[in-house]
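User: Please examine the structure shown here and answer some questions about its sheet and its salt bridges.

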Amino acid sequence: MELGLVGLGKMGGNMRERIRRAGHTVVGYDRNPDLADVQSLEELVGKLAEGPRTVWVMVPAGAPTQSTIDELAELLEPGDVVVDGGNSRWTDDEKHAEQLAAKGIGFVDCGVSGGVWGLENGYALMYGGDAEDIAKVQPVFDALKPEGEFGAVHAGKVGAGHFAKMVHNGIEYAMMQAYAEGWELLEKVDSVENVREVFRSWQEGTVIRSWLLDLAVNALDEDEHLDQLRGYASDSGEGRWTVEAAIDNAVPLPAITASLFARFASRQDDSPQMKMIAALRNQFGGHAVEKK
């Protein structure tokens with residue numbers, strides 16, 4: 001089939017290549033002309049054969065996605081389909097589906113996981129929308145997913161794909177935090193002399209083996225004690241949305257919530273909270289404090 005792909009960054013560029021390897025035609029557009037096959041969304045739509053057209057959007061969530069969908073709504077025709085494969089919030093999906101439906105255009109939201117490894121290993125896909133719209137995109141889903149039976153799912157109605165990907169990322173936060181805490185404790189004690197090889201030994205036969213563990217070993221092979229890194233971790237927003245959704249639905253997520261807050265703590269060179277803790281310990285117990 002033919003596909004228009006908007007956004008050819010780290011994820012989008014590799015996705016274009018994997019889809020082409022499966023024998024499909026991809027017309028790509030990016031604001032960076034060095035990456036693009038065409039110079040505008042209008043040219044992209046014009047390059048696609050007459051309907052039903054499918055355009056896959058891989059741009060940052062929020063305003064960039066909204067402006068792209070606004071423009072596509074004016075360029076596409078009834079029966080065409082827009083896929084949002086970025087990290088949009090699921091509540092935005094409902095708005096985008098309604099906006100495009102008014103023009104007779106279908107909408108599918110798709111959470112995509114795989115990172116820089118997706119080109120070779122395939123991408124895990126979680127998509128939401130009407131079965132009729134999904135059927136139009138199915139050849140691309142089949143091209144992108146990993147080999148084998150699993151790796152792709154029609155999660156439900158519009159918004160379900162991004163909601164599932166959001167929860168996936170929340171779980172990812174907690175798993176990474178657990179590995180990080182264990183690594184720090186192992187590094188701290190004198191008796192454990194080869195922390196990297198302890199991590200490597202867990203890759204076979206243990207209940208905590210995972211791809212994240214494999215990646216942790218890769219990182220330790222590159223920098224055994226992570227001396228070259230600063231302990232600063234950003235968050236993409238999906239961890240926050242996961243916690244917000246948990247509050248809205250009264251679902252306890254203590255591990256995921258703690259892992260999100262740990263990232264906030266990583267950005268503080270001198271914790272304001274700990275200043276108050278130190279001051280209170282000094283006030284009620286006369287415990288020593290450290291001055292700047």
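The questions and answers below concern the sheet and the salt bridges.

Analyst: This is a predicted model, in which local features need pLDDT of at least 70, side-chain atom pairs count only at pLDDT 80 or more, and totals for chains, interfaces and linings use all residues. Residues are numbered from 1 along each chain as its sequence is written, and side-chain values use heavy atoms, with hydrogens and water left out.

User: Which are the edge strands of the open sheet?

Analyst: Strands are DSSP runs of E with at least two residues, numbered from the N terminus, and two of them pair if DSSP finds at least two bridges between them. The 7 strands follow the order β2-β1-β3-β4-β5-β6-β7, with mixed pairing. Those pairing on one side only are β2 (25-29) and β7 (152-156).

User: Is R53 buried or exposed?

Analyst: R53 forms a salt bridge with E77 (a Lys or Arg side-chain nitrogen within 4 Å of an Asp or Glu carboxyl oxygen). Buried means under 20% relative accessible area, exposed over 50%, and partly exposed in between (1.4 Å probe, protein chains only). E77 is partly exposed at 43%. With a relative accessible area of 10%, R53 is buried.

User: How far apart in sequence are the parts that D221 and R200 tie together?

Analyst: The closest N and O atoms of the D221 and R200 salt bridge are 2.6 Å apart. D221 lies in helix α9 (residues 211-222) and R200 in helix α8, so the pair ties together parts whose separation is 21 residues.

Notes. Helix = DSSP H or I, 4+ residues; strand = E, 2+ residues; numbered from the N terminus.
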